[in-house]
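Got your viewer open and a selection box ready? Let's take a walk through this one, stop by stop.

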Amino acid sequence: SSNLINSLAVKEREGLALSFFSCIFFVVFLCLLQFNALPSGQLFLAPILIIFIIFFCVSPASWLSVISKHRKMATVLVIGPAYLVISSLSFSYWPWLSLWMSASFILFPISALLISSCRSISYKYFIYGFIFAVFVNSLAVLFLTYQDVGRPAGFLDDPNLAANFCSLALLSTLFLIQDAPRKYLYLIIFVLGLALFISLSRGAVFSLVGAVIIYLSLCQYKKLPWSRALLTFGLILVFSFLVSSVILGSQSGLSGLSINDRPESLSDRFDMWRSAWEMFLEHPLLGTGLGTFVLRYPALRAPTEASSTGFFAHNDYLQILAELGVLGFIAWFIIPLTLLVLAVRSYLQTDKKIDTGIHCLAISAVSLVGAHSLFNFVMYHPVINVFLGCILGASITSGWPTSAPARIPGNNKSSFFRVRAALVSALILISVSFTADLLSRKSIAEAELEGKSFGFQSDSYYSLLALKYFSPLNVEIRNYLVAGDVNSALHLADMPLGRDLAGQIIRRIDQGEWLQWQNCVQLVNKARLRWLTDEQGAITILESVLAEVPNCIQARITLSEALISKKRYSDAIAVLNFGIDRFVFRENSGDGPMVLLETLIHAYRLSDQEGSAKAIEAYLQQFRRERSMLQSTEWSRRFQL
């Protein structure tokens with residue numbers, strides 16, 4: 001009885017903290033709702049890891065008891081995140097990118113443990129919170145539609161991703177009205193349906209239909225009443241479709257969801273899938289690294305594929321195969337597959353009607369995301385991961401006993417002290433690294449202003465040198481430090497000290513290449529140093545860089561300047577034209593496109609092609625004038641001069 005009293009006291013003490021941090025947990029990912037691209041820095045990752053660690057520090061008894069009770073499950077679920085963390089130190093182009101994806105997928109087991117460790121947090125709170133977030137985004141979609149924005153995505157970056165959120169929220173709302181019909185839920189279905197049809201995402205609509213069929217089949221097998229909820233749900237969606245057809249007018253409606261209306265959408269996807277498959281065949285075992293699809297795609301892009309921006313393969317399975325290889329693919333999908341198997345087992349074993357509904361929702365929601373991922377990129381979004389993790393966790397833990405946490409073997413006080421000490425140390429390290437990452441932005445801005453004078457005599461160089469030790473995985477800091485070393489070596493090139501220094505820098509770049517595979521910035525700096533003693537060798541390095549990373553503007557500009565210095569004007573023009581021809585300039589916030597065009601103008605003038613130089617100069621002037629007015633324009637890969 002004393003053990004039971006102690007366990008109840010622990011649960012009472014930790015319940016409030018768990019509730020508080022679960023709310024913070026949701027707020028953080030609500031803020032991340034708009035990001036469908038993966039951030040390469042740790043600015044978004046660090047706050048999430050800090051919240052996780054704080055959550056673990058205040059409630060070690062609850063989650064340690066669950067892990068000790070289900071050790072096999074915890075072991076399996078850690079395989080995927082562990083693989084991605086290891087990949088961040090080996091073959092990923094951006095180390096923090098892999099850690100970001102690791103944190104995103106850790107949400108699956110964390111969500112399961114969160115719900116099981118504190119049963120006072122009902123899974124319905126997570127469902128309501130998710131539906132509310134998607135409802136707000138759907139209102140933004142309707143507002144942008146009123147502003148005549150074509151295929152709006154609300155706060156998201158892509159209408160297909162917004163449509164997937166709507167489909168998941170609609171499926172969850174069907175589950176809620178089946179359990180307890182409410183009038184406000186009917187309004188939510190209508191708004192979500194409007195946003196779904198306005199997005200004109202065929203994949204999301206068909207995936208929702210398939211998921212609803214699976215959901216109702218599971219309900220029927222367990223003899224749950226579903227006909228009334230389906231009738232209400234279907235009538236509201238039909239009404240939403242009719243209203244959306246009126247809003248969109250004759251340009252879309254039913255035809256907007258048909259293949260015949262946008263045939264290039266499907267044909268271009270076939271081209272993207274073929275390119276992704278070719279990318280996978282080049283590195284089938286380990287892949288090219290998380291986030292490197294956008295780097296490798298220009299070299300393999302089919303000439304007939306002209307609609308996408310080249311950031312995603314529009315098939316998550318093929319893109320994960322290309323980026324992580326077979327090993328990463330298995331490690332990635334072992335997490336959702338394991339949880340899905342556990343959810344199906346819970347569904348088959350339970351006879352409680354109160355638990356069966358969440359089993360049906362969890363299985364059908366995973367089916368929806370899995371089907372839509374065949375045609376779009378939805379697995380990358382952390383909010384989708386956390387939502388699936390929460391309902392899968394609720395499904396799995398619904399069959400577990402609701403008694404207080406079991407006692408942890410050994411000395412509890414000593415175990416909790418060691419756990420808390422380790423987590424606090426990790427919290428300090430992550431906080432220091434995050435602060436260093438923020439401070440580095442100022443030093444990097446100063447380095448950019450100094451240009452080629454940035455080196456050993458710069459204060460910003462030594463600021464970055466100090467910050468490097470506090471943020472060891474920040475590739476941007478290392479790249480700028482290498483650039484400073486190279487600039488200093490080039491200034492001392494006429495002295496033995498400079499040549500000595502150049503050799504040391506080249507050796508250091510070669511030694512660290514395994515850690516920063518295809519890091520074109522450092523390889524370009526290596527070529528700049530090689531130019532001192534072997535000009536053709538430097539050109540060969542730059543050509544090999546562009547063969548692997550064709551959208552590295554720095555390598556392309558440097559190679560063209562090297563060819564111009566050798567008076568190979570036609571080769572330089574071909575290099576620049578190839579870069580311009582293969583690029584899609586989306587939301588031209590960087591200076592890369594303008595630098596390419598300026599260098600091309602210079603090369604044409606040196607080769608006595610003044611007419612071509614003037615034509616491109618006129619285009620560049622127009623480009624600069626209109627650049628500030630462009631919101632989200634996808635520039636043609638070919639310039640019609």
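What follows is a tour of a predicted model, with something to select at each stop.

**Stop 1: the disulfide**

Start by selecting Cys-520 and Cys-552, and show their side chains. A disulfide joins these two, with a sulfur-to-sulfur distance of 2.3 Å. The structure holds one disulfide, and you're looking at it. Now check where each end sits: Cys-520 belongs to helix α21 (residues 520–530), while Cys-552 is in the loop between α22 (535–548) and α23 (553–565), so the bond ties together parts that are 32 residues apart in sequence. Turn the view until you look along the S-S bond. The torsion about that bond is about 85°, so this disulfide is right-handed. Are the two cysteines buried or exposed? Both Cys-520 and Cys-552 are buried.

**Stop 2: two cysteines without a bond**

Next, select Cys-219 and Cys-360. Why is there no bond between them? The sulfur of Cys-360 is 4.0 Å from the closest cysteine sulfur, in Cys-219, and that is too far for a bond. A disulfide here would need the two sulfur atoms within 2.5 Å. Cys-219 is buried, with a relative accessible area of 0%, and Cys-360 is buried too, at 0% relative accessibility.

**Stop 3: the largest nonpolar core**

Time to go inside. Select Ile-127, Leu-171, Tyr-215 and Ile-391: of the 70 residues in the largest nonpolar core, these touch the most other members. Several helices each supply at least two residues of this core, among them α7 (123–146), α10 (202–221) and α16 (382–397). Which helix gives the largest share? That's α8, with 13 residues.

Keep Leu-171 selected and show what surrounds it. Leaving out residues up to four places away in sequence, Leu-171 touches Leu-208, Ala-211, Val-212, Tyr-215, Leu-361, Ser-364, Ala-365 and Leu-368. There's also a second, separate core of 36 residues, including Leu-295, Leu-523, Ile-573 and Ala-603.

**Stop 4: a buried serine**

Now pick Ser-138, which lies in helix α7. Ser-138 is buried, with a relative accessible area of 0%. Which residues does Ser-138 touch, not counting residues up to four places away in sequence? They are Cys-166, Val-191, Leu-192 and Ala-195.

**Stop 5: an alanine in a loop**

Select Ala-302, in the loop between α13 (293–300) and α14. At 14% relative accessibility, Ala-302 counts as buried. Add Phe-270 to your selection and draw a C-alpha to C-alpha distance: the two are 9.9 Å apart in space and 32 residues apart in sequence.

**Stop 6: a nonpolar patch on the surface**

Back to the outside. Select Val-424, Ile-428, Val-432, Tyr-469 and Phe-470, which form a nonpolar patch on the surface with about 490 Å² of accessible area together. Colour α17 (412–450) and α18 (459–470), since each supplies at least two residues of the patch. The most comes from α17, with three residues, and Ile-428 is in that helix.

**Stop 7: salt bridges**

Side chains of opposite charge can pair when their charged atoms come close. The count in this model comes to 10 salt bridges. Here are a few to look up.

Select Arg-274 and Asp-271. They form a salt bridge, with the closest N and O atoms 3.0 Å apart. These two are three residues apart in helix α12 (residues 263–282), so about one helical turn separates them. Arg-274 is partly exposed at 47% relative accessibility, whereas Asp-271 is buried at 10%.

Move on to Arg-508 and Asp-485, a salt bridge whose closest N and O atoms are 2.5 Å apart. Arg-508 lies in helix α20 (residues 496–511) and Asp-485 in helix α19 (residues 475–491), so this pair ties together parts that are 23 residues apart in sequence. Arg-508 counts as partly exposed, at 42% relative accessibility, but Asp-485 counts as buried, at 7%.

For the last stop on the tour, select Arg-605 and Glu-617. Their side chains meet in a salt bridge at 2.8 Å, N to O. Arg-605 is in helix α25 (residues 592–606) and Glu-617 in helix α26 (residues 610–627), 12 residues apart. Both ends are partly exposed: Arg-605 at 33% relative accessibility and Glu-617 at 28%. Finally, add Glu-610, and you have a network of salt bridges that links Arg-605, Glu-610 and Glu-617.

Technical notes:
Residues numbered from 1 in each chain as written. Predicted model: local features only at pLDDT ≥ 70, side-chain atom pairs only at ≥ 80, totals over all residues. Heavy atoms only, no water. Helix = DSSP H or I, 4+ residues; strand = E, 2+ residues; numbered from the N terminus. Buried < 20%, exposed > 50% of the residue type's maximum accessible area, 1.4 Å probe, protein only. Patch = residues over 30% accessible without salt bridge, like charges linked within 9 Å, V, L, I, M, F, W, Y side chains within 5 Å. Areas by Shrake-Rupley, 256 points an atom, 1.4 Å probe, with all protein chains shown as cover. Salt bridge = Lys/Arg side-chain N within 4 Å of Asp/Glu carboxyl O. Core = buried A, V, L, I, M, F, W, Y, C linked by side-chain atoms within 4.5 Å. Contact = heavy atoms within 4.5 Å.
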